[in-house]
Amino acid sequence: MNPNFLQTPIEYLKGVGPNRADLLKKELDIHTFQDLINLFPNRYLDRTRYYKIADLQKSNAEVQIIGKISHIKTVEQKRGKRLVAKFIDETGIMELVWFRGQKWIRENLKINQPYVIFGKVNWFNDHYSMPHPEMELLEEHEKSLRSAMQPVYPSTEKLTNRGITNRVINKLMQQLFSEAKNTFVESLPERVLNNLKLLPKNEALFNVHFPRSNTLLAKAQYRLKFEELFYIQLQLLRKNLIHKAKIKGYPFLKVGGYFNTFFSDHLPFELTAAQKRVIKEIRKDVGSKAQMNRLLQGDVGSGKTIVAFMSMLIGLDNGFQACLMAPTEILSVQHYNGLLEWCNKLNISISLLTGSTSTSNRKEIHENLENGSLHILIGTHALIEDKVKFKNLGIAIIDEQHRFGVAQRSKLWHKNERPPHILVMTATPIPRTLAMSLYGDLDISVIDELPPGRKSIKTVHRFDANRLKVFRFLKDEISKGRQVYIVYPLIQESEALDYKDLMDGYESIVREFPMPDFQISIVHGKMKSADKDFEMDRFVKGETQIMVATTVIEVGVNVPNASVMVIESAERFGLSQLHQLRGRVGRGAEQSYCILMTSHKLTHDARTRLETMVRTNDGFEIAETDLKLRGPGDIMGTQQSGVLNLRIADIVKDGDILKIARSHAFQMLKEDPNLEKKENAVVKFTYAQLAKYRNIWNYIS
Ligand code: ADP
Ligand code: MG
């Protein structure tokens, strides 16, 4: 085959021409022969079976029948004309009906010649009929490459309306394959093919378009999915390797006084095995010459803070400064207060920098940072402003990563001559397979264990009609000395309405829980920051028993005495948000509760979300369900990452293949980091093309 064959513009394929080429380009992004070959079917119709007219059932969906047209007539009705053909086989009679394209059909249909028809059957006026059947002369049907499993290609309304039906695409594909003569170049090395018993490229491509059998189809799909995921993983892992080789970090060679003293004298509790493991992973990273870029995933309450703190201590032990950045002011303050206590014991100087830090205070912080007398800085986005200059920032921790973009992460890098080690912490677990594809350039640690003695939160779903009962329950809990959150949704698009709901809710709660027996805090986005802090503070100190709030409390707030989370209009929240909110309770010794309030009107998805919340507390399980419900498109990071450009693999369903592909890519790079071995030549070649194209299928030939 001429090596440029696959790059031939699509208009040169027999049967395409300029008009169809235009449509194919616009609608399906098909520009070359190669693009067409890599248009993979969405699904397959089973055409192994031929039905007899006498055997048709009213429940049949799509059927295939062999028979002849005995005659055709046009039937005129008030609602318009339709073309009706009598179709017969040796067992009975049925009708074929056309509402569109009647002239062409009438001129081209052959009477009394065997046809294979395919389509949906209806039971109508005491007989079966099939509107707009797919038809092919039996003779052609037997000759064609078309196999029993018939591919259904991605399409658009415009394409179908302009006559480029699935059948046409199928024909074009046949044309292309007969011209290509099965000489596609293998793009995986032999060792991998043999190891995994994968179909060769030629057979895989052929069978995905013209499956010879179900078994071969499955093998073809597997091979192509593997290939797609393998190259994506190879790319990600290689980037990571190159990054590590190129970007020198500050090696933290020792673990010294701060870390050891804290560990031996001041640990407030025994670390969980998972916390210990993660600290080890981090120690290994920061001790190497490379810069650490690590994502720490751990469910709410799994104890990420102490891991962050101990990582900072290693930095301090090596003469560096550390910082911790949180997404909100409230969270920064909490972190600051929490860490301050530990820092005082160790004689470490620590400051807080947020938007509301006073000018004089700010000036002092800037000075102490630059002269090195300040060891740890906690704060919000204010930390990455250009004015903030460290003497020697060695490690930066970013909490609740989903609020920060990659750009902000990289801003931290430029605070030094070399980038600091970076630890990104997130409580929104991302299913592992997805994380592998999204954050291939980050290493991942997981705290998959909660501190001991945590009672799992009891979650229930209640309808609005039962509100009085719920209020009674809240009163009981409050009388036992507990505190309660009541959260309202706040969605940008309906802000005014939501705000009204919140205020109405607040008023009814004030009526139901009157002063002086009950004290209520309220926090929402329209309040001034100082007022928010004041209200929050009262709740944290236990001066108020009820916190009415919008989702501003979503992230990180820690009030161990709060044991009930009521979520109003819970059907309007996403799963990960519900899970985050629930994580605000269950932090103390008491049994905690989460009450999901909804109206009776629930969509199927909303019901699934609520059921999932009631069933499990496991953040990873919730994340999996969330991914299945929403698809990967809504998850942070997927837009840029390319997982949405997958042609044949499915990031949600093909997790198992992904793991195998990743481990093969990993192994290959371990043995041959620059892909220089002869046996990996095809990988090197293919890999080199990756950089040039958006999608791996654009180069594979
Ligand atoms: P998150 O991972 O959500 O940031 P935190 O670090 O805030 O969790 O920890 C949640 C709570 O659990 C805190 O009150 C913390 O002191 C406590 N905690 C963390 N680790 C342990 C442990 N190993 N044993 C007991 N309590 C712990
Ligand atoms: Mg936290």
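This is a short tutorial dialogue on reading a few features of a predicted model.

Modeller: Ground rules first: in this predicted model, local features need pLDDT of at least 70 and side-chain atom pairs pLDDT 80 or more, while totals for chains, interfaces and linings use all residues. Residues are numbered from 1 along each chain as its sequence is written, chains are lettered from A and ligands numbered from 1 in written order, and side-chain values use heavy atoms, with hydrogens and water left out.

Biologist: Into which domains is the protein divided?

Modeller: The bounds come from an automatic or database domain assignment. They give domain 1 (1-47 + 148-181), domain 2 (64-145), domain 3 (194-246 + 658-692), domain 4 (257-447) and domain 5 (458-616).

Biologist: How much area do domain 3 and domain 4 bury between them?

Modeller: Interface size is often given as the accessible area lost when the parts come together. Here the loss (1.4 Å probe, summed over both parts) is about 930 Å², with 60% of it on carbon and sulfur atoms. Leu236, His243 and Lys244 supply 46% of what domain 3 buries against domain 4, more than any other three residues. The C-alpha centres of the two domains are 37 Å apart.

Biologist: And how many salt bridges cross the interface of domain 3 and domain 4?

Modeller: Side chains of opposite charge can pair when their charged atoms come close. The rule wants a side-chain nitrogen of Lys or Arg within 4 Å of a carboxyl oxygen of Asp or Glu. Across that interface it finds zero, but the whole structure has 27. One pair is Lys52 with Glu90, at 2.9 Å from N to O. Lys52 sits in the loop between β1 (43-46) and β2 (62-77), Glu90 in the loop between β3 (80-89) and β4 (92-98), 38 residues apart.

Biologist: I keep hearing about odd backbone geometry. Where is the cis peptide bond?

Modeller: Most residues other than glycine have a negative phi, and most peptide bonds are trans. In this model, Met515 and Pro516 are joined by a cis bond, omega about 0°. Pro516 lies in the loop between α18 (495-512) and β19 (520-523); helices (H or I, at least four residues) and strands (E, at least two) are DSSP runs numbered from the N terminus. Asp126, not a glycine, has a positive phi of about 65°, in the loop between β6 (122-124) and β7 (127-131).

Technical notes: Buried area is the accessible area (1.4 Å probe) that two parts lose on being put together, summed over both.
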